[in-house]
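Colleague: I should like a close look at a single part of this model, followed by an account of its surroundings. Please take the structure below as the basis.

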Amino acid sequence: MATEQPTSTTRAGLAPGAATGDATAVAHPNIALIKYWGKRDERLVLPWTDSLSMTLDVFPTTTRVRLDPAAGQDTVTLDGVPLEGEPRRRVVAFLDLVRERAGRASRAVVETRNTVPTGAGLASSASGFAALATAASAAYGLGLDATGLSRLARRGSGSASRSVFGGFAIWHAGQPDHGADPDLGSYAEPVPVPVDELDPALVVAVVDAGPKAVSSREAMRRTVDTSPLYRPWAASSQADLADIREALRRADLDAVGEVAERNALGMHATMLAARPAVRYLSSATVTVLDAVLELRRSGVSAWATMDAGPNVKVLCRRAEADRVAGVVREAVRGGSVHIAGPGPAARLLDADA
Ligand code: 2P0
């Protein structure tokens, strides 16, 4: 039986679209089992391929957006430290988009608290822009439903479109020729999955929490522009998506893991073939991959996926997650290991929460 997926909520008692002027939202990162890698439109953040993810129940991001009509510019802090450079530019550009849609000029004070190691390939931009989209749209009174929020979050960071939803979510690339407004065709939505039967967990092995040498944005661009393996991977990813949806429907964890692992390895192959190559996987990554293989040989369902960094997320059964985490902990030595389950949708917090 399909488990009901929570959707994003609006603050109780307010008419849709009423500007609160001050809103706080929380969102969780997601890990893609079918990856998003490559944009067909950089400005609108439209991907070449559909992707599918599980939102986690760990590492939430909490963001407060407070309008400040007297201010001449936005104030943006992350864990109490003012953002500068490109990260600040991305937040301000996102707020400009919200202001344009709201028809309001007020600058804002944005305070974000992150619990995910920023820049470590653990999708802090997904939880970050999902929380920012949810809080900013309430503060400025955009009155969006969950689909609209997903489209908006996408403009901040592609993967954020999926963190608007809890559980499993698919992000539709949208058709290249989607009518007059291609923005409308690309959004995420929940995928019904028999979660209790599947009993999924992701064991997150942080082998290196430092910032990455090449941003995922730049790495994607280089891969699409120069990798001879990009187009074949994009085509096979569409087939992987169909396979994983069927495996999820059947609650067949081994089939889900097999497809997720091949899709991730294929994505990394496209980067390795880019010119110049982008290699996020480190020797510590390979050590964890060997441990995952060893677990499988010993009869444990464990499958690996890696994003734009050296860290490994191991898909397994919740009932076996402690055992998997123990083996992975041995392998990473010095890194940290976390167990995550399916997490909730992005949501607004009550003003007095
Ligand atoms: C994903 N990643 O599907 C893929 C797999 C990394 C590897 O989404 O440029 O930070 O802001 O849209 O969302 C990371 O890319 O990129 C990502 P932008 P984002 O989770």
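Leaving aside its neighbours within four places in sequence, which residues is Val65 in contact with?

Modeller: The model is a predicted one. Leaving aside neighbours within four places in sequence, Val65 is in contact with Gly21, Asp22 and Ala23, with Ala108, Val109 and Val110, and further with Leu132, Ala135, Ala136, Ala139 and Tyr140.

The setting of this residue is a nonpolar core. The largest such core has 50 residues, and Val65 belongs, together with Trp37, Leu132 and Tyr280, to the members that touch the most others. Leu132 therefore appears twice in this account: it is a contact of Val65, and it is named with Val65 among those core members. The element that gives the most to the core is helix H2, residues 124-140, with 10 residues. Since domain 1 (22-194) and domain 2 (195-340) both give residues to this core, it lies between them. In general, nonpolar side chains in soluble globular proteins tend to be buried together. A second core, separate from the one around Val65, has 30 residues, and Val58, Ile170, Val193 and Ala340 are included in it.

The two domains may be described further. Their centres, taken over C-alpha atoms, are separated by 23 Å. To the contact between them, domain 1 gives 33 residues and domain 2 gives 52 residues.

Another buried position is Ser163, which lies in helix H4, residues 160-163. Its relative accessibility is 0%, and for that reason Ser163 counts as buried. With neighbours within four places in sequence again left aside, Ser163 is in contact with His28, Pro29 and Asn30, with Thr55, with Ala126, Ser127 and Ala130, and with Ala346.

The ligand remains to be described. It is surrounded by 18 residues, of which Tyr36, Lys39, Ser157, Gly158 and Ser159 are the closest. For Tyr36, an N or O atom of the side chain is 2.6 Å from an oxygen atom of the ligand. For Ser159, the corresponding distance from a ligand oxygen atom to a side-chain N or O atom is 2.7 Å, and for Ser216 such a distance is 3.5 Å. Taken alone, the ligand exposes 470 Å², of which the protein buries 94%. Helix H6, residues 216-226, gives the most to the shell around the ligand, with three residues.

Definitions and conventions:
Residues are numbered from 1 along each chain as its sequence is written. This is a predicted model: local features need pLDDT of at least 70, side-chain atom pairs count only at pLDDT 80 or more; totals for chains, interfaces and linings use all residues. Side-chain values use heavy atoms; hydrogens and water are left out. A nonpolar core is a set of buried Ala, Val, Leu, Ile, Met, Phe, Trp, Tyr and Cys residues joined through side-chain atoms within 4.5 Å. Buried means under 20% relative accessible area, exposed over 50%, partly exposed in between (1.4 Å probe, protein chains only). Helices (H or I, at least four residues) and strands (E, at least two) are DSSP runs, numbered from the N terminus. Domain bounds come from an automatic or database domain assignment. Contact means heavy atoms within 4.5 Å. A residue is near a molecule or strand if one of its heavy atoms lies within 4 Å of it. A polar contact is a pair of N or O atoms within 3.5 Å; within protein, one must be able to donate a hydrogen and the other to accept it, and residues adjacent in sequence count only if both atoms are side-chain atoms. Accessible areas come from the Shrake-Rupley method with a 1.4 Å probe; for residues, only the protein chains shown count as cover.
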